[in-house]
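User: I am new to this structure and would like a close look at a single part. Please show me where empty space is enclosed in the model, and tell me what surrounds it.

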Amino acid sequence: MSGTAPAEQDQTGQAPFGATVAVMAVVGLVLGSQAYVTIPLMPQIAEAWGVSQSSAAWATSAFAIAYACGSLLSGPLADRFGRRSAIWSTLAVMAVATVAVPLAGGQGTGLALRAAQGVAAGVFAPVVFAYFGERLPAQRLALALTTVSAALGGALVFGQLAAQFLEAQLGWSAVFWITAVVLALGAAAARKVMLPDVPRTARGGFAFGNVLSSPRLVPLFVTALAVLGGVTAIYTGVQLYGPDSLGDPDAMFALRASALPSLLVAVLAAPKLAHVKPTTRAGGALALAALGMVGAALSGDSVLVLGIALFVTMVGASTAGPALVQAVGGAAGADRATAIAVYSFLLNLGAGLGAQVPQSTDVFTHLALWIALAFVAAIGLVALAAKASARTAAAEQQAAPVLSRAR
């Protein structure tokens with residue numbers, strides 16, 4: 001009996017719901033914002049590093065690509081050292097790297113520090129979501145996941161707004177130094193609120209082999225590249241090639257702020273859409289995102305039309321993301337944690353690549369249309385995954401009577 005006690009505690013010990021979710025939501029918002037603070041800071045970073053603004057866009061990509069790699073490392077790290085240790089220690093590492101970013105003397109050092117931030121940040125979401133599944137009441141799990149997911153999604157807009165505001169008031173270095181303090185406090189809070197770690201056994205390469213060979217999962221993984229990649233690409237494009245009137249800082253601030261209500265719309269709509277199959281929900285949301293990008297392409301010099309188009313795109317992307325996570329988890333079965341880690345890796349890899357997409361054109365209309373096409377292609381991939389799942393379900397139903405008779 002004593003040998004099984006840790007596993008039982010892991011499954012039944014419940015964490016304090018309110019404190020746990022509140023800490024993780026705030027930390028997720030601040031941590032996730034670091035991926036996007038460099039978009040409005042491109043002029044300042046370019047000057048500090050002695051490079052062009054287009055080269056400064058690598059500050060966003062370095063973080064996002066490293067974040068994707070951190071997502072893949074999250075499973076082995078959490079299994080080896082425990083959920084709580086993985087969270088608080090990587091937050092502490094990220095705080096140190098964040099302090100150092102403004103002190104970088106050039107692009108090479110700066111990008112290395114941004115990559116260190118990204119690797120540490122990438123561990124957060126997969127480990128927290130796994131911890132929630134083990135330590136929070138099942139009937140409140142959906143609320144916890146939605147709250148933290150909304151915080152991570154809101155980081156895309158919040159990070160840009162906070163960076164623009166703090167840079168105007170205190171200078172661009174303050175964006176990183178203030179964040180570092182909050183991350184350090186978050187590491188201490190996470191260590192205090194999370195329950196003690198228990199021994200685990202990692203599944204290792206077998207799980208990765210299973211998920212990477214599944215026809216139900218692979219199309220969904222590829223779809224992940226378009227979701228965050230498309231959103232990052234369009235906001236980077238707005239910064240580089242948006243309407244001339246966005247040269248006014250107040251106009252740019254208002255445009256970014258206009259996307260925040262889209263996250264609330266997505267959260268409020270989630271319960272009403274819960275009865276819709278995840279793949280159907282994801283396909284419809286991606287179609288909405290594509291429609292928003294068509295609107296952006298047709299916006300011309302109108303900041304109002306562009307703001308509405310970005311709002312529509314953000315509603316679509318914010319709805320598609322959770323639906324795809326649910327679809328991935330449902331299709332992966334026992335390999336759920338590994339599958340979500342792979343999905344997170346590709347989602348954030350897409351963000352890193354998305355920041356570079358605007359380099360391929362200096363025409364904003366073309367950029368918006370290309371992103372719309374990427375969303376449409378993603379709809380096709382979701383449909384392929386849905387068909388593969390339907391075939392698998394039909395085959396399992398046919399096999400069930402045979403197995404029953406054999407017994």
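Analyst: Here is a walk through the cavity, followed by a pocket and some background on the model.

This is a predicted model, in which local features need pLDDT of at least 70, side-chain atom pairs count only at pLDDT 80 or more, and totals for chains, interfaces and linings use all residues. Residues are numbered from 1 along each chain as its sequence is written, and side-chain values use heavy atoms, with hydrogens and water left out.

Rolling a probe the size of a water molecule over the atoms shows where empty space is left. On a 1 Å grid over the protein atoms alone, a cavity is a set of points where a 1.4 Å probe fits but cannot get out; a pocket is an open set with protein on both sides within 12 Å along at least five of seven lines; lining residues have an atom within 4 Å of a point. Points are joined across faces, edges and corners, and a volume is the space filled by probe spheres set on them.

One cavity of 30 Å³ or more turns up by this rule, and the largest cavity has a volume of about 30 Å³. Around the largest cavity sit Gln160, Tyr235, Val238, Gln239, Met252, Leu255 and Arg256. Two elements give two or more residues to this lining: α12 (218-241) and α13 (249-257). Helices here are DSSP runs (H or I, at least four residues), numbered from the N terminus. By type, the lining has four nonpolar residues, two polar and one charged. Ala, Val, Leu, Ile, Met, Phe, Trp, Tyr, Cys and Pro count as nonpolar, Asp, Glu, Lys and Arg as charged, and the others, Gly among them, as polar.

Now for an open space: the second largest pocket holds about 310 Å³. It is lined by 18 residues, of which Gln164, Glu167, Pro249, Met252 and Arg256 are the closest to its centre. Met252 and Arg256 were already named in the cavity lining. Helix α13 also returns here, since α3 (42-49), α9 (141-170) and α13 each supply at least two residues of the pocket lining. That lining divides into 10 nonpolar, four polar and four charged residues.

How confident is the predictor? Its confidence in each residue, pLDDT, runs from 0 to 100. The protein averages 83, and 91% of the residues score at least 70. Confidence is lowest in helix α1 (residues 5-12), at a mean of 39, and highest in α10, at 95.

Terms used:
pLDDT = per-residue confidence, 0-100.
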